[in-house]
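Trainee: Please take a close look at the spaces in this structure, beginning with the second largest pocket. What classes of residue line that pocket, and what surrounds the ligand?

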Amino acid sequence: MSRELETDVVVVGGGGAGLTVAGTIAAASSRLRVTLVELDSSQPCNTAIASNFIPAAGTRFQRAAGIGDSAPLFAADIMRKNGGRSAAALTHALCSHSAEALHWLVDALGVQLELAPELTWIGHSAIRMHAHPSRGGPPVLASLRGFAQGHGRIRFLDHTLGTGLIQDGNGAICGITATCGDEQLRIAARKVVLTTGGYGANPGMISSHIPEMADAPSIGSKADRGDGIAWGLGAGGRCALMGAYQGRDCISADGTRVTPPVLNEGGIAVNASARRFVDERQDYSALARVYRQQPGKVAYFIWDERIQDMVKNVFVMQQAKARGGIMFAPGVEELAAAYDLPAPELARTLERYNEGVRSGNDEFGRSGLTRPLDPPYYAARITGAIAHTQGGLVVDTACRVLREDGTPVPDLCAGGNTIAGLSGDGCTGYLSGNGLLVAYVSGYLIGRHVAATLEGPRPAWAPM
Ligand SMILES: Cc1cc2nc3c(=O)[nH]c(=O)nc-3n(C[C@H](O)[C@H](O)[C@H](O)COP(=O)(O)OP(=O)(O)OC[C@H]3O[C@@H](n4cnc5c(N)ncnc54)[C@H](O)[C@@H]3O)c2cc1C
């Protein structure tokens, strides 16, 4: 069975980036119709999996809290972390529209967000994380999806797999093919937007581009197969920074996570010998591969009641606790017994760490030492994983897909993890928030650009 559909804009992939594109076009224009094609909204996309701490510089929420910040400062933080290895124009465009996009999510698309000043995010020189009051991703996604599904000019095709681009004789993109059950769809469109995420769940692409994590678990979206990247390349687009990824520790039993501030605020990591092996505060993305180099490819995070009080409301902490991944121990003996660690060595490790905190001289050169770790303890057995990839199609500041010669592939845009992002070309360039900054702000920029470009005379074929 086959069916032909027509629309003004087709967006492939209904995660944070795609929903923002669709919502922005619908809200910013008076008549444009959007068709959003989503593989399966009942499965968690990366936007649902992430904690959704969204960085933005110069927001009204920061101003109300007396926090000074600016787009240049934000861009400098990103470039410092990635060693200058992201496209400067795109980096500046995303940072300088971050506040505007965040306000748009709240005011036009109905997402509830506030400043989240309570936790430390290393590498940001201002407090600039914003989050849903629940500190979780699912409510943010639910608001965006609710907006799209309730809007009369957005057709939400769920359980529909985009299968390829349609290109006219001049190389311009004029639609997509898709399948929904046993139905074959051809969707004609004036613009096509690729927001299918990255390729974290594509073992072949991981082996080619990120061999160091080829055997690591992937804890992101199962739909992260690199579809949009492959189609963009096939249409003449160019890729860059394909080795970029966010590494992440995860609870080894089930892939749930503890939030990075567990370590940033004073927790430690030990290996199966109950010894520390690294400065735990240096970079959670880069540390993922270090955890995999430990015996058994595991490590144990240990923190105390003071830290637990700070992080207990973060959604991923509640999720990990509910699934039994976080352990409570009244003292060192119980902690060691729970994980079969040598108790005398664990006691020495904790004492050495506490001495370092008191003297300000940590044996691994750790900075930001706060308070000694005191019983009772909390702990989790973790390993290193790949969270999501950050390499992909090269785009300009309107997120149009570019060819080798720098000219745009006509009528093709891409956003979110489908584009070459802001994290350099490996695991060490990732600054917390780079994923969602790109997803939401690229979605907003594409939406504004497409709405402005297409708000011309209505095409003859367009039905209401
Ligand atoms: C464990 C984890 C932790 C993270 N932590 C953070 C963090 O702290 N801060 C941060 O900023 N970022 C974080 N991220 C990254 C962030 O979640 C992503 O960068 C962001 O959500 C990407 O949004 P997206 O819209 O590009 O992709 P997604 O949200 O994954 O959406 C892509 C959508 O495309 C659909 N799709 C794919 N292929 C097709 C197809 N062929 N046809 C139809 N639909 C298709 C998928 O089903 C999916 O719904 C984290 C990610 C993970 C996995």
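Mentor: By class, the lining of the second largest pocket is made up of 6 nonpolar, 6 polar and 4 charged residues. The model is a predicted one, and the pocket in question has a computed volume of about 310 Å³. Its lining comprises 16 residues, of which Pro44, Ile49, Ile219, Gln319 and Arg323 are the closest to the pocket centre. Two elements, helix 2 and helix 13 (315-322), each give two or more residues to this lining. With regard to domains, at least three lining residues come from each of domain 1 (2-243 + 390-454) and domain 2 (246-386).

The ligand shell may be described next. It consists of 37 residues, and the closest to the ligand are Glu38, Thr47, Asp227, Asn417 and Leu436. Sorted by class, this shell holds 14 nonpolar, 19 polar and 4 charged residues. Thr47 also takes part in a polar contact: an N or O atom in the Thr47 side chain is 2.5 Å from an oxygen atom of the ligand. Backbone atoms contribute as well. A backbone N or O atom of Gly16 lies 3.3 Å from a ligand oxygen atom, and a polar backbone atom of Gly435 is 3.3 Å from an oxygen atom of the ligand. Of the 1000 Å² of accessible area that the ligand has on its own, 98% is covered by the protein. The elements that supply two or more residues to the shell are helix 1 (16-28), helix 2 (46-49), strand 8 (161-167), strand 17 (377-389) and helix 16 (434-454). Helix 16 gives the most, with 4 residues. Helix 2 thus appears both in this list and among the elements of the pocket lining described above.

There remain the enclosed spaces. The count comes to 2 cavities of 30 Å³ or more, and the largest cavity contains about 40 Å³ of space. The residues lining the largest cavity are Ile54, Pro55, Ala56, Ser98, Ala101, Leu102, Leu105, Leu437, Tyr440 and Val441. Strand 4 (54-55), helix 6 (98-107) and helix 16 each give two or more residues to that lining, and helix 6 gives the most, with 4 residues. By class, the lining of the largest cavity has 9 nonpolar residues, 1 polar residue and no charged residues. Helix 16 therefore serves two linings by the element assignment used here: it gives 4 residues to the shell around the ligand and two or more to the lining of the largest cavity.

Methods:
Residues are numbered from 1 along each chain as its sequence is written. This is a predicted model: local features need pLDDT of at least 70, side-chain atom pairs count only at pLDDT 80 or more; totals for chains, interfaces and linings use all residues. Side-chain values use heavy atoms; hydrogens and water are left out. A residue is near a molecule or strand if one of its heavy atoms lies within 4 Å of it. A polar contact is a pair of N or O atoms within 3.5 Å; within protein, one must be able to donate a hydrogen and the other to accept it, and residues adjacent in sequence count only if both atoms are side-chain atoms. Accessible areas come from the Shrake-Rupley method with a 1.4 Å probe; for residues, only the protein chains shown count as cover. Ala, Val, Leu, Ile, Met, Phe, Trp, Tyr, Cys and Pro count as nonpolar, Asp, Glu, Lys and Arg as charged, and the others, Gly among them, as polar. On a 1 Å grid over the protein atoms alone, a cavity is a set of points where a 1.4 Å probe fits but cannot get out, and a pocket is an open set with protein on both sides within 12 Å along at least five of seven lines; lining residues have an atom within 4 Å of a point. Grid points are joined across faces, edges and corners, and a volume is the space filled by probe spheres set on the points. Domain bounds come from an automatic or database domain assignment.
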